[in-house]
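Here's a walk through one protein model, from the whole chain down to a few helices and strands. Have the viewer open and follow along.

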Amino acid sequence: CKERRTLTSEELASSPWLAESAAWHQSPGEACVLDDYLCEEFYSLATAQLPGSLLQQQRMELLALLEKHWETGHCYSQYLTAQVIDHDGRVVRNTRSSFHHFLCCLEWIPAHRPTREGPQERKFLRPDSVYVTSPEVTKLLGTHVFYVDTDSSQFSRDLGMRETISVEVLIQYLKEWCVHPEDNQEQEAEGACFTSTIQHIHDVYNYLHTNCSQSSLKELFQHTPAVFVETKRVSETWCSGRFHHLKEVCWSDTTSMFQRYRWLTQRADSPVQEPRVLAPFYSQLDGMWDFFIRLLNVDSCPNMKQYVSLLELVCSSSPMPTAEVLQDVSILYARLAQRCKCQVPGDQAGPPHKLNPSFCSTLKGMVSDMRVFPIKSNTWVKLANKPMIGDDKELEKIFKSHQMVCLLNLPPPEKKPAPKSKTGNAAAGDMIPAFNEKDRLLFLDICGIRRLSSCIRSEPLTESLRPCPTMQRMVRSVVPYIQRFLYHHDELAQVYSELADRKIAEKIKRLSFAQVGKLYIRYQLDVSDGEDEVVELQDVICLLKDEKELYIQKDHLPGKLEICSELVKLFCTESSHRKELKHFLSSLINSLDDPKALKRFLTKEDVRELPDGEERWEVPEPATQEIPLDRVPKSFSSTCSPDEAPRPAQTDGEPTLGCWPPRAPLMNTGGRAGQGNNSAVEAALKMWPPPPAPKDKEPERDVLPGGRSHEGVQPPNSSGRPAELARPLSHPGQPVSISSPRPAESRPQSEGGQEGLAAPRPAQTLPSAQPAEAPGDQPTPNSTLAVPDAVVASATFQGTAAAAETPRPPLNLDFPRWNKDQSGLEDMELTCQRPTTMVPLDEQMDLIAIGEWGEQLVNSFLCDWRDSSDPGRPTHVLWCNQSGESGQPYDFKVTFGAEATPPVLFIEVKSTVKKERSFIHLSANELDFALKEKERYHIFRVYSAGDAQNVRLCRIRNLAQHLHTKHLALYLFV
């Protein structure tokens, strides 16, 4: 019913009309008169205290009654308005009635909220705190607001019930969900925990993506931790997680390193800030990649600081780098290099980009003081230790003994299965590398790490150089086939085209050939300031210098493979092309001397003739070197009498060679009858330093015992032994003979590798040689170009002439016979299939390739044993390094039956290209394992590795026992 009420100023201040009364313009202290609808009955019903079930039923009936009679029947809506009356009794304005205030301000609406467990949560709330149930509201607000079971009507609108939702309201709700209400507003807000359905989170972000501007979104996400990151999947539809700032999240970590090392990053004392990855949760939800990556510019992967922190943590957790850790570190290297590239947002593949100088400088500064660089001595170093990239295996072998040379341990990437496609299927057997080697090298370049080859200056040096027509003829014979091989192979067409552009035909014509007594390369390593230079000298067999000169050490002239291995460098630059050409040449040189075999080989390799118009590559024919006649010594008689006058000095004034003190007599054995008194000579020979020559001594004339003399100088024997011991000697008193003159081209070389072109040397006499012609006889036609042999007096060593004529058989200066079997080296019979012969690719074959070849042989041997009918054969053979270096202290694990003793054997393979015994490199892990396993640890030694025809396989059982009994010795090479 309607009732006029007068409210004092104090009553008005405590009434529901306080906020509205400010617009009524009441005088201070003046009373207020209202025509109001009190409806105390509704007030008593809305505030009644009843048991739970009765109260819920009473409020539901009250709500239904009001809604039913709101505009019809009792028409309760007419009681919503009251009038303000002035002192003259006139209506000044309309305002809310007490009934309206009771309806809107009392907590009487029966509301409910869905829960994950099932039963609904029920409360009595004000009308403006509940939402009228609708699909749109339920989709965006989910289980996080209360609903009332009523339809949208004038009744719900008059009471202020919420029916729709706007962008601003949703953003406000999102802020309430993601921020703790008690957080300090002056500090950066911390994300709150949140539990909801997966669909609800997806619907909220989709709504913002569709209806909110990009500027409003960036404002929201840059200042509010509004990115939900799942931490736990509660059920198929529910999840729980936490809200984070935009800068704390990334889309994905394709390296999987943070997941792999979660046991390290989640420790309480871990310094690593673990990235919050979105892809595991949002990649299955439509439109979320565009929302986070393109719209909000979320990083596609963890930031540089996070990766560097993880890199340091991984390295510190493994003091000795293992094969597994080295792979993981290389993955992080490659990813850090990618972070330094100027890339567009997202993880889409694209063309290569330039480096960001700022990022590169930051990265280098981050890692400069960290021990995150593995070297081959199984430890970690800093940039201050000047680590280097070992890009040349030969240089590594040369400088590996120097401690200041820190060579990085950079294993090749392992193969892993390719990721599944969008259809969920991956190609069968499709494998991809674990990381990009170019990116790893890019990271090392960013850090300023130099390659070993760039730190070394090399200079080839030779001694006793002279032309080598033999090698020139050999190269001349193979170059045409090299041209035909390159021309007719399509995969080498680009190589042939590049060679033509480089005018290779002209280079080949100008190529010079030389043989030397010594051939070596001087390597100088540039080390850090304040340290002495590191210099190494390395002997080489064959060397191509500046694509202009080809040298070979004279003792290796027959080594055609070595010449071919060096020659291919003139034609190919890439290692794969060089290997292919070397393989061709290794087979070619074996067929050159057999025309039929050569024809079959060329047909097999599809090496045809060149077209008529193609320019030929041809090495010039070696020039024949003629000796001037005036430089050849004249022939002399075969015998010299004691009273012969001294030979006059040469008229051209050129000095000749002489010997002082006089050489010992060739026949001096200390017990021969008829020997002259040479006490003065023997006394002179015992003096050191030798006395000066007498002034009246002619340097070009030597005096033999007995007063005889001869001209010329006896050349030293190549073996270093006296000339008379290199052949049987004749009886005393037998006439001295001189062998027939030989052409100048067949003169023996000196030890230093030079042949005297101006002064040919005499050759030695064979006992079966015919006596020389008399001085009066005419010389042979070529006697003017020949050199007479040395005059050697005959003598017999103590004993009979028969004994002197019968040489003793050579002795094998090997290990003592009584010690041969104590090493436990057992020869194994090779009936298995052997690997193909490995052609030397460099001057010394790669140690890794040698080891792999030996392991292939042993694997074939063990598998053949396993598949045989031998009662003691193994049941299983495990090759640990079949897919790459495993890091185990053994190469094979061989398992036998249950009755066998021992039931398992561990085999380490040691291979060498040498045919005889040599030192074995044994690591600390291998030695420790051998001493621990004892009789279960065997060493298989492969001699002549790479040579399938002559390879030899030996076995050493129980290495520990042989070491303890000193049958085998262990050395430390320092």
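What follows starts with the overall numbers and then moves through a sheet, the nonpolar cores, one helix and one strand.

## Ground rules

This is a predicted model, so local features need pLDDT of at least 70 and side-chain atom pairs count only at pLDDT 80 or more, while totals for chains, interfaces and linings use all residues. Residues are numbered from 1 along each chain as its sequence is written, and side-chain values use heavy atoms, with hydrogens and water left out.

## The big picture

The protein has 30 helices and 35 strands; these are DSSP runs numbered from the N terminus, with helices being H or I of at least four residues and strands being E of at least two. Of its 974 residues, 40% count as buried (buried is under 20% relative accessible area, exposed is over 50%, and partly exposed is in between, with a 1.4 Å probe and protein chains only).

The protein exposes about 56800 Å², and carbon and sulfur atoms supply 51% of that (areas come from the Shrake-Rupley method with a 1.4 Å probe; for residues, only the protein chains shown count as cover). Take the contacts with a separation of 6 or more: residues 24 or more positions apart account for 67% of them (contact means heavy atoms within 4.5 Å).

## A four-stranded sheet

Near the start of the numbering, look for an open sheet of 4 strands, ordered E1-E2-E3-E4 with antiparallel pairing (two strands pair if DSSP finds at least two bridges between them). Strands E1 (2-7) and E4 (91-96) are the edges, and each has a single partner strand, so one side of each lacks a neighbour in the sheet. On average, neighbouring strands here are turned by 25° against each other, direction ignored.

Inside the sheet, E2 (residues 32-37) and E3 (residues 81-85) pair in the antiparallel sense over 3 bridges, with Leu 34 bridging to Val 84 in E3. Helix H5 (residues 98-105) lies across E1, E2 and E4, at about 25° to E4 (axes are lines fitted to C-alpha atoms, for helices over the stretch in contact, and angles run from 0 to 180 degrees between N-to-C directions).

## Two nonpolar cores

The largest nonpolar core has 48 residues, of which Leu 141, Tyr 205, Phe 221, Tyr 282 and Phe 292 touch the most other members (such a core is a set of buried Ala, Val, Leu, Ile, Met, Phe, Trp, Tyr and Cys residues joined through side-chain atoms within 4.5 Å). H8 gives the largest share, 7 residues.

A second, separate core of 44 residues includes Leu 313, Val 325, Leu 332 and Ala 337. Back at Tyr 282, its contacts are Ile 201, Tyr 205, Phe 228, Trp 251, Met 288 and Phe 292, not counting residues up to four places away in sequence.

## Helix H10, two-sided

In H10, Leu 217, Leu 220 and Phe 221 are buried. They cover an arc of only 85° around the axis, which puts them on the same side of H10 (the arc is that of the directions from the helix axis to the C-beta atoms). Among the elements covering them are H8, H9, E10 and H14. On the other side of H10, Ser 215, Gln 222 and His 223 are exposed.

## Strand E23, enclosed

Further along, 4 of the 5 residues of E23 (residues 512-516) are buried, so this strand is largely enclosed by the rest of the structure. E23 pairs with E22 (residues 466-467) in the antiparallel sense over 2 bridges, where Pro 467 has Ala 514 of E23 as bridge partner. With E27 (residues 549-553), E23 pairs in the parallel sense over 5 bridges, and Val 516 stands opposite Gln 553 in E27.
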